[in-house]
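Visitor: I keep hearing words like "buried" and "exposed" when people talk about protein models. Could you show me how such labels are earned?

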Amino acid sequence: MDYQPRPDDIRFLLNAVLDAPARLAALAPFAEVDEALQSQVLEEAGRFVGEVVAPINRGGDEIGCRFSDGDVVSPPGFREAYQAFVDGGWPALSAAQEDGGQGLPAVLEAVLYEWLAAANHGLTMAPGLLHGAYACLKHHGSEELKQRYLQKIATGEWLATMCLTEAHAGSDLGQVRTRAVPQADGSLRVSGSKIFISGGEHDLTPNIVHLVLCRLPDAPAGPKGLSLALVPKLLPDGTRNAVHCERIEEKMGLHGSPTCSMRFDEATGWLVGEPGRGLAAMFVMMNSARLHVALQGIGLLDAAWQKADAYAAERRQMRAPGPVPASRGGESADLIAEHPAVRRILDTQRAWIDGARAIAYRSALMLDVAEHDADPKARERAQRWCSLVTPVLKAACTHQAFHGASECLQVFGGHGYVREWGIEQIVRDSRVTMIYEGTNEIQAIDLLVRKVLPDAGAAMSAVLLELRDTLDASREADADVQRRLAQLRYMGTTIAMAAHANPVLPYEVADDYLRVTMLALMAWAWARIEAAAPQDAARARAGAAFRRWVLPEFEMRMGIIKRSCETVALTHAAQAAAPGASVSN
């Protein structure tokens, strides 16, 4: 079965749980984007994804991209589907109207890209960086570059890439060697090689706009010496630039997306932003990309769940324990959906999908608040949320995409291991999401070491207090969530104190801290979901699964962090008490 978007599920979260229509109406650019318009966009997006994008997913995986003499041929149907995507105005959904966009809220674009990834992850990789590249160029590009490239990128007429990684550097961008030499006419000559470039070469659009991290002459070593260059495949006069695809990678999954090794041979480019501020300019693009990767994780998990749920509702095996299910009828075996082990898998993944969606959509709403709210304090609060929650979403949602999809494959038994049912493709495709746009371990370090500890947890504490104040302490479920949020606030202070004695400790417990943060956010989300739909049996079942099978991990992770901090304290005390010891803080 092909993936099918379910707009009703999204409307419930946006309207009943997050109060999105009222939040957006308070922002000047979206004053007329009412609930009816949002619903219409979701319906049309769901129809396009279900009818155009999803049916070519399997062919994209089995046939894949072909590479020959520097050119890349997309799988059958991909060019036509992408052109339909552009013709429908979907790439420009949230771009400003003056740039050829529709000026709609970021949260609607978030839903669209979640559905696209669920339906066809390989094809979605092509436009996945468009909005980030658009935002990067809009905020940091010269007027001349914006005049030439901004609208083309906003509308998807030309696709874009993000060229960071080099073979020797990996995630350590400070080691980037690609050089850019200024020319008398203000252009740059860019030389170097990049690897793992999604969509570095393809036949979907006539031009490709590469945003390339590079070093100007005499730039200092390390990340502070990096600049950003815009290097197009085709120059303004239509001639081919000295940009070459040397090969495409043979990958575990994502066969419909070309992952390219690129070479720049004194290619013509132009500086984006200030010299030596390349990472700052590209950060806009990376942050957007990380939220989109989180949404990929949610979409892929939903796609896996849809397949497993449909299979479990048809496949009969043995007798289920317990009372005779109504679905048995005169059959000699019960539906596997009635078996507790299968029910646990399905309900647990459903709990993750709905809870993670609520947090991700709230983050997308905060992107709009951060950019458009008239109140500077509201913008500051929204930016704080995005800064802290984006790495949590990226890591936790992609982790669950792979592991949850593997659990869904288990529902099929041996049938899941063969291609016929399509579930094994989701497992393969989802694995890379834990790696690209910063590995999940890097996301955890970014969260704890770079964002929580520098102010001893004050910013995170403010975010958690905001969530606490949206809950009703008279409700038992809400009171439980408030208690967990308070525990997490205190844990941030505890880690900060222990880090003075052992600076390595935060790096050791960063994954645990990120995971426990996601669980606290999920607990908040489920408290809001159940309060909004107290009579919904399906959501009640998923909520119960969350509390029974997912939330207990909160205590386990908190216990790991607490024990680590206690060990540091005991070691520090013992060293201080040793005769003649000198212990520095």
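Guide: Sure, and keep in mind that this is a predicted model. Let's start with helix 6, which covers residues 106-119.

Visitor: How do you know what length to expect for helix 6?

Guide: Count its 14 residues and allow 1.5 Å a residue, and you expect 20 Å. From first C-alpha to last, helix 6 reaches 20 Å, so the value is close to what the rule gives.

Visitor: And why is helix 6 called largely enclosed?

Guide: A residue is buried when its relative accessible area is under 20%. In helix 6, 14 of the 14 residues pass that test, so the rest of the structure largely encloses this helix.

Visitor: What makes the span of helix 3 agree with the rule?

Guide: Helix 3 runs over residues 35-53, and its 19 residues should span 27 Å at 1.5 Å a residue. The end C-alpha atoms are 26 Å apart, which agrees.

Visitor: Which residues of helix 3 are buried, and what do they pack against?

Guide: The buried ones are Q38, S39, V41, L42, A45, G46, F48, V49, G50 and V53. Their packing partners include helix 1 (7-17), helix 5 (78-87) and helix 6. Here's a handy bit of background: an α-helix has 3.6 residues a turn, so residues three or four places apart point the same way.

Visitor: Let's try a loop. Why is G256 called buried?

Guide: G256 sits in the loop between strand 8 (243-248) and strand 9 (259-272). Its relative accessibility is 7%, and the cut-off is under 20%, so G256 counts as buried.

Visitor: What does G256 touch, leaving aside residues up to four places away in sequence?

Guide: It touches G60, C65, P75, F78 and G122. Take P75: G256 and P75 are 181 residues apart in sequence, but their C-alpha atoms are 6.4 Å apart in space.

Visitor: L27 is in a loop too, between helix 2 and helix 3. Is L27 buried or exposed?

Guide: Buried: the relative accessible area of L27 is 2%, and that is under 20%. Leaving out residues up to four places away in sequence, L27 touches D368, V369, H372 and D373.

Visitor: What makes E266 count as exposed?

Guide: Exposed means over 50%, and E266 has 55% relative accessibility, so it earns the label. E266 is in strand 9, and its phi is near 50 degrees, a positive value in a residue other than glycine.

Visitor: Why would anyone remark on a positive phi?

Guide: Most residues other than glycine have a negative phi.

Visitor: And why is A456 called partly exposed?

Guide: With a relative accessible area of 41%, A456 falls between the 20% and 50% cut-offs, so "partly exposed" is the right label. A456 lies in the loop between helix 14 (440-452) and helix 15 (458-468). Its phi is positive as well, near 55 degrees.

Visitor: Now the whole chain. How do you know that its radius of gyration agrees with that of a compact globule?

Guide: For 585 residues, a compact globule would have a radius of gyration near 25 Å, and the chain has 25 Å, so the two agree. Buried residues make up 57% of the chain.

Visitor: How many helices and strands does the chain have?

Guide: The chain has 19 helices and nine strands.

Notes. Residues are numbered from 1 along each chain as its sequence is written. This is a predicted model: local features need pLDDT of at least 70, side-chain atom pairs count only at pLDDT 80 or more; totals for chains, interfaces and linings use all residues. Side-chain values use heavy atoms; hydrogens and water are left out. Helices (H or I, at least four residues) and strands (E, at least two) are DSSP runs, numbered from the N terminus. The radius of gyration is taken over C-alpha atoms; the globule rule is 2.2 Å times the number of residues to the power 0.38. Buried means under 20% relative accessible area, exposed over 50%, partly exposed in between (1.4 Å probe, protein chains only). Contact means heavy atoms within 4.5 Å.
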